[in-house]
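Here are my notes on the model you sent, set out as numbered points. They begin with charged pairs and then turn to strands, cores and a helix residue.

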Amino acid sequence: MRRLLLAMLLLLLILFVAKETRGEAPPLKDLPSAPGPHVAKIKALGDGEWLLLGAPAPDPTWGPAPGRAYTNKMAYAPDLVGGFLFGEGVHGKSGEGPREGHYNDDVFFYDLMAHRYLCVYPGTDVEQFEVHRDDAGFLASPDGQHRPIAIAVHGYECSSYNPHTREFMAPLTGSPYSREIDARRRALVAEQPVDGRNGGGQHPFFYNVDTGRWTRRRAEAPGLRTSLADALIYVPSLKKSVLYQRRGDFWFFDHEKSQWEHVVADGGRPETVDGRPSAEGALCYDSRRDRLYVFNRDQASIPWAYDFRTNTFSDLKAKNQFYPPTNSYEQGRLSIGSTSSGVHYDTAADVVVMRMTVRQGSGDPRNLRGATKGLAIYDPTTNAWSEQPVALPPDLDIRGAWNSFYSPELNVHVYHIAGDSRTNGRVLLYRHKRKAT
């Protein structure tokens, strides 16, 4: 009888764990996918041409990915040929359809080769999730995973992908709107977790593509406090992830040592037009020059550059500046930064491509008027912005949040456009210049 009872308990545990993981093989392990029929169309794109792919195929279990406002970036995985879509979107909202009752802390992956969504994490089941404090002090589910339970109110640009370890990375930046989840956490865990709302960001969350498991690692980082609009990027030349914060602080994360290093760069710090520290950073990495380009909301001059070889941070004083840049809340200026724009370094054309918005009465010398939206091009060789933006396709419905990445493998800029927390996503592609043959 005792053996039968133990066997039944073991079976229940197995079934519970299967429910937690949906009993599926790691959804990204076998990527990249075989090229779908749309890939031939992508390869045929000419210079300056657009291609609307439309809605990606939904994940077979969890359906389409919801859109994310305040999330420029989809962390690009070159070995998988696609990007991670991460960030909550509408404050405190849960999903609909297959994700009904699951909080919008989900993580999806857009598979460019197959033009489909793959669900990495369906979001926290608000009523039924179970956690405990493990030996490391982190919240763990019964199967030992450290799932990303309401770790970020929006995605901004605070995620990255390391192709060497095949891991997606996202620090804890806080989600003050997940009230139901916070209440259940307090009820399930008697003691305050090590990371609470205002700390613990130095211990990142990782998703391993090969195992399909979420983990956290303790990391030393004296003085590091992550915040909502930090920007994170993986730098191949260092084999480290770099965190950029609003006051011009850089933190380098060593993946082998699980350790942060605070790097104080020589040079100045970006400021707004009225002298305040600029915020909500957007980054892209120039692999040819081994430097980061930094774009902030309200930044008086764009871009600034951080040079890894010399550890200097400087205003490039690019020609044809937009004046004055600001965020997407205000009318009358150029919208940049992590609220509205995506910036990508295009390896084929050796330029930076930035999505832009100019509203009525901008004062820009190019006289861009009337909610013009397009792509601005920065040429590092001439240190100048394009005189005119690249126009979007005519009659395109551009409403919704734009989440994006650049794929060097297919040489296209990928824009996922969807309403905030809505599953009406569609994908728009742009090629600036074909690779030389």
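1. In this predicted model, Arg288 and Asp350 are joined by a salt bridge between their side chains, with an N to O distance of 3.3 Å. The two partners come from distant parts of the chain, 62 residues apart, since Arg288 sits in the loop between strand S18 (279–286) and strand S19 (291–297), while Asp350 sits in the loop between strand S24 (343–346) and strand S25 (351–358). Asp350 is buried, its relative accessible area being 8%. The pair does not stand alone, for salt bridges with shared partners connect Asp286, Arg288, Arg289 and Asp350 in one network.

2. The structure holds 16 salt bridges, and another of them that deserves attention is formed by Arg217 and Glu167, whose closest N and O atoms are 2.3 Å apart. Arg217 belongs to the loop between strand S12 (213–216) and strand S13 (231–235), and Glu167 to strand S10 (residues 167–170), so this bridge ties together parts that lie 50 residues apart in sequence. As to their surroundings, Arg217 is partly exposed at a relative accessible area of 25%, whereas Glu167 is buried at 7%.

3. A further salt bridge connects Asp47 with Arg434, and here the closest N and O atoms are 3.4 Å apart. Its partners are 387 residues apart, with Asp47 in the loop between helix H2 (38–43) and strand S1 (49–54) and Arg434 in the segment after strand S31 (426–431), so that distant parts of the chain are linked. Asp47 is partly exposed, with a relative accessible area of 42%, and Arg434 also counts as partly exposed, at 47% relative accessibility.

4. Is strand S15 mostly covered or mostly open? Five of the five residues in S15 (residues 250–254) are buried, and the strand is therefore mostly covered, given that buried means under 20% relative accessible area. In a regular strand the side chains alternate between the two faces of the sheet. In S15 both faces are covered, with Phe250, Phe252 and Asp254 buried on one side and Trp251 and Phe253 buried on the other.

5. The pairing of S15 can be described on each of two partners. Strand S14 (residues 240–244) runs antiparallel to S15 and is joined to it by five bridges, with Ser241 having Phe253 as its bridge partner in S15. S14 and S15 make a hairpin with five residues between them, and Gly248 in that turn has a positive phi of about 90°. Strand S16 (residues 259–263) likewise pairs with S15 in the antiparallel sense over five bridges, Val263 in S16 being the bridge partner of Phe250. This second hairpin has four residues between its strands, and Ser258 in the turn has a positive phi of about 50°.

6. An open sheet of four strands follows the order S2-S3-S4-S5 with antiparallel pairing, and S2 and S5 are its edge strands, each pairing on one side only. When direction is ignored, neighbouring strands of this sheet are turned against each other by 30° on average. Within the sheet, S3 and S4 run antiparallel and are joined by five bridges, and Phe86 stands opposite Val107 in S4.

7. Which residues have the most contacts inside the largest nonpolar core? This core has 31 residues, and the ones in question are Leu28, Leu80, Phe84, Val107, Phe109, Val120 and Phe168. Two or more residues each come from strand S2 (75–77), strand S3 (82–86), strand S4 (107–111), strand S5 (116–121), S10 and strand S11 (205–208), and S5 gives the most, with three residues. Leaving aside residues up to four places away in sequence, Leu28 touches Leu80, Phe84, Phe109, Leu118, Val120, Tyr207 and Val209. A second core, separate from this one, has 23 residues and includes Met113, Phe405, Val412 and Val427.

8. Finally, Arg185 in helix H3 (residues 179–188) should be looked at, as this arginine counts as buried at 17% relative accessibility. Not counting residues up to four places away in sequence, Arg185 touches Phe129, Leu139, Ile149, Ala150 and Ser178.

Terms used
Residues are numbered from 1 along each chain as its sequence is written. This is a predicted model: local features need pLDDT of at least 70, side-chain atom pairs count only at pLDDT 80 or more; totals for chains, interfaces and linings use all residues. Side-chain values use heavy atoms; hydrogens and water are left out. A salt bridge is a side-chain nitrogen of Lys or Arg within 4 Å of a carboxyl oxygen of Asp or Glu. Buried means under 20% relative accessible area, exposed over 50%, partly exposed in between (1.4 Å probe, protein chains only). Two strands pair if DSSP finds at least two bridges between them. A nonpolar core is a set of buried Ala, Val, Leu, Ile, Met, Phe, Trp, Tyr and Cys residues joined through side-chain atoms within 4.5 Å. Contact means heavy atoms within 4.5 Å. Axes are lines fitted to C-alpha atoms, for helices over the stretch in contact, and angles run from 0 to 180 degrees between N-to-C directions.
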